[in-house]
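Visitor: I have a structure to look through and would like some help reading it. Can we start with how strands are paired?

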Amino acid sequence: KTGQTVRYYSGDDGALERGVAWPMPRFTNPDGTEPVSGDVVLDQLTGLIWACNANIPDGTMTWQQALDAIADMNSGIGSYGYTDWRLPNRKELRSLIDYSQYNPALPQGHPFTDVQAADYWTSTTNAVNTSYAWAVDLSSGYMNYFGKSTGNYVWAVRSGRGGSSG
């Protein structure tokens with residue numbers, strides 16, 4: 001589901017309200033307990049584990065710098081106890097979006113910190129022009145592609161346990 005419940009025109013998400021119902025609570029600790037109290041959070045809808053800090057590198061960077069920053073999180077003992085962090089693909093990052101919310105377009109009561117009302121890189125390269133990659137704007141949920149030399153924010157994810165399709 002997109003989170004939209006208001007109907008603006010026939011056939012929109014508010015009218016149809018199709019998709020998988022969001023679990024309650026949506027976000028928990030990785031062991032399924034709540035309230036969220038650590039540096040990572042499990043999305044009960046998708047089974048993905050996200051860093052609670054949505055701006056770990058603390059600023060924008062190019063797409064390659066984003067990939068390198070995530071790789072650095074996995075070196076040594078890793079970050080937050082894990083060594084398998086990655087940049088989310090565009091479907092994974094977009095799965096966090098709640099279109100009934102704005103600035104940020106995240107579900108009410110989300111546990112994330114330092115969320116920027118700006119574009120976040122995904123690992124997904126544009127198929128038509130590989131010098132571009134997809135990003136998701138966390139203020140509105142809008143997805144667009146940018147030249148890989150553009151500076152966007154970075155959010156780390158890792159595979160957790162199976163959840164509903166996101």
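Guide: Two strands count as paired if DSSP finds at least two bridges between them. Keep in mind that this is a predicted model.

Visitor: OK, so how many bridges join β5 to β6?
Guide: Five, and the two strands run antiparallel. Within that pairing, Ala135 sits opposite Asn144 of β6, and Trp134 has Tyr145 in β6 as its bridge partner.

Visitor: What's between those two strands?
Guide: The hairpin of β5 and β6 has five residues between the strands. Gly141 in this hairpin takes a positive phi near 90°.

Visitor: Which strand pairs with β5 over four bridges?
Guide: That is β4, residues 119–125, and the sense is antiparallel. Thr125 has Ala133 in β5 as its bridge partner. β4 and β5 also form a hairpin, with six residues between them.

Visitor: Is β5 mostly covered or mostly open?
Guide: Mostly covered: five of its six residues are buried.

Visitor: Speaking of buried stuff, which residues have the most contacts inside the largest nonpolar core?
Guide: Trp50, Leu93, Leu96, Phe112, Tyr120, Leu138 and Trp155, in a core of 20 residues. β3 and β5 (132–137) each supply at least two residues of this core. There is also a second, separate core of 17 residues, and Leu42, Ala69, Ala135 and Ala156 are among its members.

Visitor: Why would residues like that group together?
Guide: In soluble globular proteins, nonpolar side chains tend to be buried together.

Visitor: Change of topic. Where is Asn152?
Guide: Asn152 is in the loop between β6 (143–147) and β7 (157–159).

Visitor: Buried or exposed?
Guide: Asn152 counts as buried, because its relative accessibility is 4% and the cut-off for buried is under 20%.

Visitor: And what does Asn152 touch?
Guide: Leaving out residues up to four places away in sequence, Asn152 touches Gly59, Thr60, Met61, Asp119, Trp121, Ala135 and Phe146. Ala135 is the residue that stands opposite Asn144.

Visitor: What about Leu45, where does that lie?
Guide: Leu45 lies in the loop between β2 (40–43) and β3 (48–51). Leu45 is counted as buried because its relative accessibility is 5%.

Visitor: How far apart are Leu45 and Ser95?
Guide: In sequence they are 50 residues apart, and in space 8.7 Å, C-alpha to C-alpha.

Visitor: Last one. Which residues form a nonpolar patch on the surface?
Guide: Val6, Tyr8 and Tyr9, with about 390 Å² of accessible area together. Val6 is found in the segment before α1 (13–16).

Visitor: Why does Val6 count as partly exposed?
Guide: Because its relative accessible area is 44%, and partly exposed covers what falls between buried, under 20%, and exposed, over 50%.

Definitions and conventions:
Residues numbered from 1 in each chain as written. Predicted model: local features only at pLDDT ≥ 70, side-chain atom pairs only at ≥ 80, totals over all residues. Heavy atoms only, no water. Patch = residues over 30% accessible without salt bridge, like charges linked within 9 Å, V, L, I, M, F, W, Y side chains within 5 Å. Areas by Shrake-Rupley, 256 points an atom, 1.4 Å probe, with all protein chains shown as cover. Salt bridge = Lys/Arg side-chain N within 4 Å of Asp/Glu carboxyl O. Buried < 20%, exposed > 50% of the residue type's maximum accessible area, 1.4 Å probe, protein only. Contact = heavy atoms within 4.5 Å. Core = buried A, V, L, I, M, F, W, Y, C linked by side-chain atoms within 4.5 Å.
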